[in-house]
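Okay, thanks for coming, everyone. I'd like to walk you through one structure today, so have a look at the screen.

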Amino acid sequence: MTPARAGALRLLVRVGGFALLAPAAPVGAAPAADVGAAASPTPDIIGGTPTTVGQYPTVVGLEIGSFLCTGTLVAPTWVLTAGHCVDPAVVMLPSQEAVTSSVKVHFHTVDIVDDPGTVLEASATFKDPLFDPRPDHLGANDLGLIQLATPVTDVTPSPINLSAAMAPVGTVATLVGYGLTASPGAPSGSTGIEFELTNRISILCSSKSINSDINLLCFAQADNKGTCSGDSGGPAFAIINGKQTLVGVTSFGDPQCASYGADTRIDIEQQFLVQHVPALIGCLGDQDCPAHRVCFAHSCIAQPFGPTGIGTVCSTAADCDSAICAVSSQDGKRCSLACSPPDPGTCPDGFECLKSPASVGACWPVPGGGCCDAGPGSPATALIGLGAVALGLRRRRR
């Protein structure tokens, strides 16, 4: 941290696995001791790459009181962040109203200290009422919302994931956040800089002695790459049905940011989200969708077997509403949806989820489903258009 930036912001410092608060110190100053541990301010998006303005337009830097967090625009007047980032007790403010009045939301910048970008204020802040900062409850319900005083009209909000099956263990994610640019204990670094870390693969939380796979997405950091400190509230993005989708929010990790990082899953937070932003949950039935579209998994999708709908013959991903054109050795190319093979509920009626070598499969018409006969036999050869990876695809033997 350069002297000019000293004291301009404070960081969320992970102590004993939880994000406690500590002031950023000038270069050359002795690190401040935290209650219960001796930890100096730690870095953010370790091993990441600096971003450019406009690369992640929905990701914002958050000043909340004297502290730094990250958030994601999910609706024109709503930013999603971590619950502890807007908890008065955690950010040391006397009330929720005081938290709200202190919030500064930075858009259109990747360096909130030297270039604040467009700064918006908040009209309200909310933490999930089930959020519990005790060590044995870390990550559970650690979600917060910031309602903006002014709608954002020049940024398309990020979609959120509402299906646990679409973000299983093995999900490939991109992590984004603001914070220091040096390793723990390093003598220099900058804060308030946005970094990205791509191709992170989620792991079993139980492998890190965290028994919360239902609530959390966990990422190994033994390779000195991952989230830390001021990344709290930042997004984990995954490609779902051709779209960069928010699947997790940075919550906590080990104190040295050298073993693991854990994100609160978005799909587990639907009750909290629908209470404040019902539009985020999407459609509840076909009646909520426009003509020629049907409701599936809270999203209005093109009518199956209709123009651009799943099951329809395609040449490229551009022919499909889902941006996924899959190919079968028996049945040619058809529009599809990403799905989880163990869970038949991840495909609409009349479709099954065919296996692939990766954790994500493709929705394919069931044999004798009325439109076509993709009957059993030799495995399909490939799945294309699902992210940037070609995957093998096969039907389960009956």
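Let's start with the disulfide that joins C339 to C353, S to S 2.0 Å. Keep in mind that this is a predicted model. C339 sits in strand β21 and C353 in strand β22, 14 residues apart, so the pair links distant parts of the chain. With a torsion of about 90 degrees about the S-S bond, this disulfide is right-handed. And both C339 and C353 are buried.

Now, how do those strands fit together? There's an open sheet of 3 strands in the order β21-β23-β22, with antiparallel pairing. β21 and β22 stand at the edges with a single partner strand each, so one side of each has no neighbour in the sheet. Between β21 and β23 there are 2 bridges, and A338 stands opposite A362 in β23.

β23 has a disulfide of its own to show you: C347 is joined to C363, S to S 2.1 Å. C347 is in the loop between β21 and β22, while C363 is in strand β23, 16 residues away. Which hand does this one have? It's left-handed, because the torsion is about -95 degrees. C347 is buried at 5% relative accessible area, and C363 is buried at 0%.

In total, the structure holds 8 disulfides. One more of them joins C314 to C325, and that link is right-handed, with 95 degrees about the S-S bond.

Last stop, the largest pocket. Its volume is about 870 Å³, and 36 residues line it, with P159, I160, A297, H298 and S299 nearest the centre. β18 gives the most to that lining, with 4 residues.

Key:
Residues numbered from 1 in each chain as written. Predicted model: local features only at pLDDT ≥ 70, side-chain atom pairs only at ≥ 80, totals over all residues. Heavy atoms only, no water. Pairing = 2+ DSSP bridges. 1 Å grid on protein atoms, 1.4 Å probe; cavity = no way out; pocket = protein on both sides within 12 Å on 5 of 7 lines; lining within 4 Å. Points joined across faces, edges and corners; volume = space filled by probe spheres on them. Disulfide = S-S within 2.5 Å. Buried < 20%, exposed > 50% of the residue type's maximum accessible area, 1.4 Å probe, protein only.
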